Amino acid sequence: MCGIVGYIGDKESQQVLLSGLKRLEYRGYDSAGIVTLGASGEPTSLREKGKVAELEKKILNHKKDDEVGIGHTRWATHGAPSKRNAHPHNVGDIYLVHNGIIENYQDLKTELTKYDYDFKSETDTEVLTALVDYIYKKDGTSLVSAVSQALKMVVGAYGIAVLSVKNPSEIVVARKGSPLIVGLGDDEVFVASDASALVGHTDQVIYMRDGEIGVCTREGVQLYDIEANEINASVEKLELDLQSIQKKGYDHFLLKEIYEQPESLNSTLLGRVSADPLRARLGGLNMSDNEIRKVEHVMVIGCGTAYYAGLEAGYFIEQFLDGVTFSSQIASELRYRSFTVPKNTVALIVSQSGETADTLACLQELKRRGVKCLGVVNAVGSTIAREVDGGVYVHVGAEISVASTKAFTSQVAAITIFGLMLAQAKGVGQMQLRSYIHELEALPSEIEKVLKKHDKEVQKIAKAYAHYEHALYIGRDALYPIALEGALKLKEVSYVHAEGYAAGELKHGPIALIDDRFFEVCYIQDNWLYEKSQSNLIEMNARGAHAIAITNTSKRIAAEKVIRVNTKLELFTPLVFNVISQLLAYYVAVARGNDVDQPRNLAKSVTVE
Ligand code: M6R
């Protein structure tokens, strides 16, 4: 949520900041701004409502060759998206950009008004800026000391970058609960809240930890703890390349990422499963074979699509693993419940970004209770990846589009491999496990085949159904989480109101919705539930449904449109169907003329509650 960039070196900082903000725009895009300082500290601050492109126009008319600056792209929390609320905020000598939330900002504001501070915006950030300015002036202290003292008074989460007009040779940065990375170049230093802004500039990075403050100069960065004691930073290699954050000829990142699934899934599976010799193994879990054998309960925790990935994998795993209970939890709910953790539980913390605030809070609570927590994360070096006891990277590469697609498929695969590992350790029959691993290995090429074969067909159907304002997605068994995920994808990018339901629940309420304003997406697998699913369709048709069926059966299907997917898979067929609904959501959004990669009101990584 929101993006921070900073630069100090000998390049034109405006251009470095602008290109960084363009890369981070998927994180938040309500407004954007930069401030740069001239050699003697004279500031040029430019802010605009809307996308970074608006800011870019402004920069063109106010070009400077300043060599230090900070910038921000915003996803509004306190105060509407507007120029006034855009960052950087300025009070007195201080300019500041901030990700996160200052929870006690009202109290601080009341205090600061006693010292003649008045506020132009509705933001918590402006209050923090004033607090730093107040301490900076009152104590005549260094900027880092003022920031450190101010942060001690703050309750909340932050990633910040701060400049003083009195000292244009440093940027002070700090983090608690909101990511910040420092990139080291030759006589230049970069700051970013997300690694993608650093790609192409440097591959030497320092992932700041909670509670750390840094002073960045051209020569490098010195880190301090909150008490201003010097600490050593560990420099790591950034594993992200320019290719992976470009559209590569696709119209949108979303389509590119849908199409990347065969490849990204292969990266998830690589070296982790083999049918012959039989092997399902995730390195990096930091668990002995004995610990794995002892597991009796798996708790999967995530938000949105990551939560649905846990639900879906649970359906798969229960097909081959007895004696281990499996539950999938919505992180924002779990964190406030008084829940009991059964003994011998392993928690899987699922997150593409590795920064989701609610998921992170659950991780911290479970660790406090002594529960073994394993990450299923995509973003390397992210907070969740660092705080878990062990875990697995899904390795899907950068996922830029706000709607998650390739991460979902790989999260399901990684959790399922964990289930296969447990099954192997607990002595489940080799024949059965081998057949599932064969299927998993075949999944990438099955997805590839389906994408090639059905793209045009789905595009045509999407155009014909794009005028509906409502949609109902239904499925049974492992197709139920797929219905939830399909509906989420559609609503996110097309703004069509969509609901996902277990098909067996139709008569318990949702069938009342059906009328001419709705279309229905029904997933029907050719298995023991075919007849039941067909009955659901017939009941809906009797009420005037406009159903699209996604199925692998050649039997009769009573739907207005039938997308017949030919797949040799059984267990993992739902993941193949899911690719069709990803395409459907994409093409409906395109037909409605939406901003597909940056849908309204959303941000890629939800680092605040
Ligand atoms: O980065 P995370 O996987 O933790 O994100 C969780 C959700 O915010 C995310 O999946 C969200 O629901 C997506 N926009 C769905 O497409």
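**Exercise 1. Find what follows helix 4, then describe the helix itself.**

Helix 4 runs straight into Gly140, a residue with a positive phi near 50°. Keep in mind while you work that this is a predicted model.

*Step 1.* Start with the length: helix 4 covers residues 124-139, which makes 16 residues. From first C-alpha to last, helix 4 reaches 23 Å, close to the 22 Å expected at 1.5 Å a residue.

*Step 2.* Now check the cover. Of the 16 residues in helix 4, 13 are buried, so the helix is mostly covered, taking buried as under 20% relative accessible area.

*Step 3.* Look at the loop on the other side, between helix 3 (105-113) and helix 4, and you'll find Asp116. Its phi is positive too, about 70°, although Asp116 is not a glycine.

**Exercise 2. Compare the backbone and exposure of Asp116 with those of Tyr495.**

*Step 1.* Recall the background: most residues other than glycine have a negative phi.

*Step 2.* Tyr495 goes against that habit, with a positive phi near 65°. You'll spot Tyr495 in the loop between helix 15 and strand 24 (497-502).

*Step 3.* Next, sort the two by exposure. Asp116 has a relative accessible area of 73%, so it counts as exposed. Tyr495 comes out at 22%, so it counts as partly exposed.

**Exercise 3. Locate two cis peptide bonds and say which loops hold their prolines.**

*Step 1.* Again, the background helps: most peptide bonds are trans.

*Step 2.* His87 and Pro88 are joined by a cis bond, with omega about 0°. Pro88 sits in the loop between strand 4 (68-74) and strand 5 (89-91).

*Step 3.* Asp276 and Pro277 are also linked by a cis bond, again with omega about 0°. For Pro277, go to the loop between strand 16 (273-274) and strand 17 (279-280).

**Exercise 4. Lay out the domains and place the two largest pockets among them.**

*Step 1.* The domain assignment splits the chain into domain 1 (2-244), domain 2 (256-428) and domain 3 (450-594). Domains 1 and 2 have C-alpha centres 33 Å apart. Their contact involves 10 residues of domain 1 and 11 of domain 2.

*Step 2.* Take the largest pocket, with a volume of about 710 Å³. It has 33 lining residues, and Gly304, Thr305, Glu492, Ala603 and Val606 are the closest to its centre. Helix 9 (304-317), strand 20 (345-351), helix 11 (357-368) and helix 15 (479-494) each give two or more residues to this lining. Helix 15 has the largest share, 4 residues.

*Step 3.* Where does the largest pocket lie? Domain 2 and domain 3 both give residues to its lining, so the pocket lies between them. By class, that lining has 14 nonpolar, 12 polar and 7 charged residues.

*Step 4.* Move on to the second largest pocket, at about 620 Å³. Ala195, Leu240, Asn378, Ala379 and Val380 are the closest to its centre, out of 33 lining residues. Domain 1 and domain 2 each supply at least three residues to this lining. Its classes come to 14 nonpolar, 11 polar and 8 charged.

**Exercise 5. Count the cavities and describe the two largest.**

*Step 1.* There are 6 cavities of 30 Å³ or more.

*Step 2.* The largest cavity has a volume of about 100 Å³. Among its 15 lining residues, Cys2, Trp75, Thr77, His98 and Gly100 are the closest to its centre. Strand 6 (94-102) and our old friend helix 4 each give two or more residues to the lining, and strand 6 gives the most, with 3. The class count for this lining is 4 nonpolar, 9 polar and 2 charged.

*Step 3.* The second largest cavity is about 60 Å³. Its lining is made up of Arg476, Asp477, Leu479, Tyr523, Gln525, Asn527, Leu529 and Ser533. These divide into 3 nonpolar, 3 polar and 2 charged.

**Exercise 6. Work out the surroundings of Ser581.**

*Step 1.* Place Ser581 in helix 17 (residues 573-591).

*Step 2.* Is Ser581 buried or exposed? Its relative accessibility is 1%, so Ser581 counts as buried.

*Step 3.* List its contacts, leaving out residues up to four places away in sequence: Ser581 touches Tyr473, Gly486, Tyr523 and Ile550. Tyr523 should ring a bell, as it is also one of the residues lining the second largest cavity.

How values were computed
Residues numbered from 1 in each chain as written. Predicted model: local features only at pLDDT ≥ 70, side-chain atom pairs only at ≥ 80, totals over all residues. Heavy atoms only, no water. 1 Å grid on protein atoms, 1.4 Å probe; cavity = no way out; pocket = protein on both sides within 12 Å on 5 of 7 lines; lining within 4 Å. Points joined across faces, edges and corners; volume = space filled by probe spheres on them. Nonpolar A, V, L, I, M, F, W, Y, C, P; charged D, E, K, R; others polar. Domains from an automatic or database assignment. Expected span 1.5 Å × (residues − 1). Buried < 20%, exposed > 50% of the residue type's maximum accessible area, 1.4 Å probe, protein only. Contact = heavy atoms within 4.5 Å.
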